[in-house]
Amino acid sequence: QVQLVESGGGLVQPGGSLRLSCAASGASGNLVSIYAMSWYRQAPGKQRELVARITTGGSINYADSVKGRFTISRDNAKNTVYLQMNSLKPEDTAVYYCNGDGRPIRGNYWGQGTQVTVSS
């Protein structure tokens with residue numbers, strides 16, 4: 001059973017930084033290198049939105065709202081994906097979810113989410 005476990009969320013002041021981690025386990029093979037790995041977020045009363053994605057080939061894309069501030073990366077040896085978040089703004093406040101998408105051959109999996117709150 002594939003599991004994605006996020007960590008690293010918390011309360012931070014505007015302008016601060018956080019690094020989220022998503023540790024993968026349970027897959028046959030190195031999940032973070034054979035699945036497209038993404039970070040999504042969902043703020044209260046809003047739809048879940050894509051924040052950043054790294055494909056199996058290493059292509060990366062970001063939501064316009066986070067370009068230049070957030071960086072997605074992966075460590076294949078640790079089977080972990082990261083989201084480095086700098087210059088945080090109150091509007092970045094949300095629950096952040098890790099997603100591993102191996103479709104159509106493999107499954108699509110979500111972590112349980114980690115809360116990020118940006119407030120003074």
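Two strands count as paired when DSSP finds at least two bridges between them. By that rule, four strands of this predicted model form an open, antiparallel sheet in the order β1-β3-β8-β7. Beyond the sheet, the main topics are a salt-bridge network that includes R41, a largest pocket of about 190 Å³, and a cis peptide bond from R103 to P104.

**Sheet**

- The sheet has two edge strands, β1 (3–7) and β7 (70–75), and each of them pairs on one side only.
- From one strand to the next, the twist averages 15°.
- Strand β3 (residues 18–25) and β8 run antiparallel, and six bridges join them.
- C22 has V81 in β8 as its bridge partner.

**Salt bridges**

- Side chains of opposite charge can pair when their charged atoms come close.
- Across the whole structure, a search finds five salt bridges.
- One of them links R41 and E49, with 2.7 Å between the closest N and O atoms.
- R41 is buried because its relative accessibility of 6% falls under the 20% cut-off.
- E49 has 34% relative accessibility and counts as partly exposed.
- R41 also forms a salt bridge with D92, and here the closest N and O atoms are 2.9 Å apart.
- R41 sits in strand β4 (residues 36–42) and D92 in the loop between β8 (80–85) and β9 (94–101), so this pair ties together parts that are 51 residues apart in sequence.
- D92 is buried too, at a relative accessible area of 1%.
- Shared partners join R41, E49, R69 and D92 into one network of salt bridges.
- Another salt bridge pairs D101 with R103, whose closest N and O atoms are 2.9 Å apart.
- R103 is exposed because its relative accessible area of 54% is over the 50% cut-off.

**Largest pocket**

- Rolling a probe the size of a water molecule over the atoms shows where empty space is left.
- The largest pocket holds about 190 Å³ of space.
- Thirteen residues line this pocket, and R41, A43, K46, E49 and E91 are the closest to its centre.
- By type, the lining has seven charged, three polar and three nonpolar residues.
- R41 and E49 therefore appear twice in this briefing: both are among the lining residues closest to the pocket centre, and they form a salt bridge with each other, with R41 buried and E49 partly exposed.

**Backbone geometry**

- Most residues other than glycine have a negative phi, and most peptide bonds are trans.
- The peptide bond from R103 to P104 is cis, and its omega is near 5°.
- P104 belongs to the loop between β9 and β10 (108–110).
- N79 is not a glycine, yet its phi is positive, at about 55°.
- The loop between β7 and β8 contains N79, which is buried with a relative accessible area of 15%.
- S87 is another residue other than glycine with a positive phi, in this case near 50°.
- S87 is in the loop between β8 and β9, and D92 lies in that loop as well.
- At 40% relative accessibility, S87 is partly exposed, whereas D92 is buried at 1%.

Notes
Residues numbered from 1 in each chain as written. Predicted model: local features only at pLDDT ≥ 70, side-chain atom pairs only at ≥ 80, totals over all residues. Heavy atoms only, no water. 1 Å grid on protein atoms, 1.4 Å probe; cavity = no way out; pocket = protein on both sides within 12 Å on 5 of 7 lines; lining within 4 Å. Points joined across faces, edges and corners; volume = space filled by probe spheres on them. Nonpolar A, V, L, I, M, F, W, Y, C, P; charged D, E, K, R; others polar. Salt bridge = Lys/Arg side-chain N within 4 Å of Asp/Glu carboxyl O. Buried < 20%, exposed > 50% of the residue type's maximum accessible area, 1.4 Å probe, protein only. Axes fitted to C-alpha atoms, helices over the stretch in contact; angles between N-to-C directions.
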